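Subject: Structure for you to look at

Dear colleague,

I am passing on the structure below, and I would be glad if you could read the notes that follow with the model open beside them.

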Amino acid sequence: MSLEITFLGTGTSQGIPVIGSDHPVCLSKDARDKRLRVSILISWNDYNYVVDCGPDFRQQMLVNNISKIDGIVFTHEHADHTMGLDDIRPFFFRQGDIPIFAHKRVLDALRIRFDYIFSSENKYPGAPSVLENEIINESFLLGDIKVTPINMLHNRLQVFGYRFRDFAYLTDVKTVEKNEKLKLKGLKVLVISALRIEPHHSHFNLEEALDFIEEIQPDKAYLTHISHMLGFHNEVEKLLPKNVFLAYDNLTITI
């Protein structure tokens, strides 16, 4: 049984191009330099799960012709990872309540932000409904696969990364404790965020991401959550180690 991972979006919170920006990367004609907000689809057998559901969710579902999802797994509550939740409506109308999986703090934030989805009183007929599943720092099942959360810090905010068999997805990360790194040994593919060249207070920059990859030693690694300040896709990828690649929107890999 293989895993198929589609990068639905590989950009930072503003995406690329940034609205109104005349930065050269924002003006690039290379499709790989145009990045929606960060998210992946992970598929196996008949299962389709999305990790994060940002404001570009609708467009990502249409571009990739996705007609069914079995649930959404959230890394944390920031807007670029959650604000597409209302666009689950077509899935809800076809499938019923959509399972969502998140830390309790994230579920609490979603209840406030999307109160009309979670409310059971006088519910608007067109609103979708969800099935809440709280994630703690212990393995859980998605379909027939065990998923292991990786507890991390995004500046001071707790976020979860996730390991699916020999694949791990870590975004919006700045700090990972030693005991959590042990969960990442023996990976075939690691996806890790790399915001830009310059240091950042809450994200790995390129140097930190490459150091982390060197420490974890996956067979391959892909960089995501990329801002325009990292540079042109074609130029940056030439500088990377031979087993490290820049992810780009709609790239699909099989493990």
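Here is what was found in it, beginning with how the values were obtained.

This is a predicted model, in which local features need pLDDT of at least 70 and side-chain atom pairs count only at pLDDT 80 or more, while totals for chains, interfaces and linings use all residues. Residues are numbered from 1 along each chain as its sequence is written, and side-chain values use heavy atoms, with hydrogens and water left out.

Strand β2 covers residues 39-44 (strands are DSSP runs of E with at least two residues, helices runs of H or I with at least four, numbered from the N terminus), and six of its six residues are buried, meaning under 20% relative accessible area with a 1.4 Å probe, protein chains only. In a regular strand the side chains alternate between the two faces of the sheet. In β2 both faces are covered, with S39, L41 and S43 buried on one side and I40, I42 and W44 on the other.

Strand β2 pairs with β1 (residues 4-9) in the antiparallel sense over five bridges, where pairing requires that DSSP finds at least two bridges, and G9 has S39 as its bridge partner. Five bridges also join β2 to the antiparallel β3 (residues 47-51), with I42 partnered by Y49. Two residues lie between the strands in this hairpin, and N45 takes a positive phi near 45°.

Elsewhere, seven strands form an open sheet of mixed pairing, in the order β7-β8-β9-β10-β11-β12-β13, with β7 (140-142) and β13 (244-246) as the edge strands. Within this sheet, β10 (residues 167-170) and β11 (residues 189-193) pair in the parallel sense over four bridges, and F167 stands opposite V189.

Best regards

Technical notes. Buried means under 20% relative accessible area, exposed over 50%, partly exposed in between (1.4 Å probe, protein chains only).
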